[in-house]
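Trainee: I am new to this structure and would like to know how its descriptions are justified. Could we go through them one at a time?

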Amino acid sequence: MSTNQPDSPVEWLSAAEESTWRAYLRMVTAVQVRTARDLAELGLSEPDYEVLSTLSERPDGTSTLHEQADKMGWSRSRLSRHASRMEARDLVRRAPDPADGRGCLLVLTPTGWDTLRDAAPSHVSSVRRHVVDRLDPGELAALGTIARKLAADGPPPPAA
């Protein structure tokens, strides 16, 4: 809706801004759908792969539920529910957190490690096919800069 009204407290998007916003939304959706489809062929969901890959970055494939949820940008309850489904498939297990009697650790199982090792080459190929190889080096660098800027916490830069 781009109805700029003189007395409106909302600074409506210009036609160019709205077009860019909608193109961004279509891009995110298209890339997610395509990479999710490729992961599904391997028997994994995007959240499965995200849990496995981020846990693999931790020493011994182990993280507290709290740290893992923070790293992924998920709530602890969302991660806990998803971990339950992954536990049923023997991809992760929970263990008591010795540093926090109320907390738990998420641990990659041998099956989880094997699943990630098997899936990673296909996932990287998917990311390359749907994003990296479709951009020239300058576009890829710009996308990375923009993505980091938009993902960062903090106030937006002052208006020009």
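Mentor: The expected span of a helix is 1.5 Å times one less than its number of residues. Keep in mind that this is a predicted model.

Trainee: How do you know that α1 has a span close to the expected one?

Mentor: Helix α1 has 26 residues, for which 38 Å is expected, and its first and last C-alpha atoms are 37 Å apart. The span is therefore close to the expected value.

Trainee: What makes A30 partly exposed rather than buried?

Mentor: A30, which lies in helix α1 (residues 15–40), has a relative accessible area of 22%. Buried means under 20% and exposed means over 50%, so A30 falls in between and is called partly exposed.

Trainee: Which residues of α1 are buried, and what do they pack against?

Mentor: E18, T35, D38 and L39 are buried. The buried residues of α1 pack against α2 (46–56) and α5 (110–130).

Trainee: How far from A30 is the C-alpha atom of H130?

Mentor: The two C-alpha atoms are separated by 8.9 Å, although A30 and H130 are 100 residues apart along the chain.

Trainee: What is the secondary structure of the chain as a whole?

Mentor: The chain has six helices and three strands, in the order α-α-β-α-α-β-β-α-α from the N terminus.

Trainee: Why is the chain called more spread out than a compact globule?

Mentor: The globule rule gives 15 Å for 160 residues, and the radius of gyration is 20 Å, well over that value, so the chain is more spread out than a compact globule. Its C-alpha atoms fill a box of roughly 60 × 40 × 25 Å along the principal axes.

Note on methods. Residues numbered from 1 in each chain as written. Predicted model: local features only at pLDDT ≥ 70, side-chain atom pairs only at ≥ 80, totals over all residues. Heavy atoms only, no water. Helix = DSSP H or I, 4+ residues; strand = E, 2+ residues; numbered from the N terminus. Buried < 20%, exposed > 50% of the residue type's maximum accessible area, 1.4 Å probe, protein only. Contact = heavy atoms within 4.5 Å. Rg over C-alpha atoms; globule rule 2.2 N^0.38 Å.
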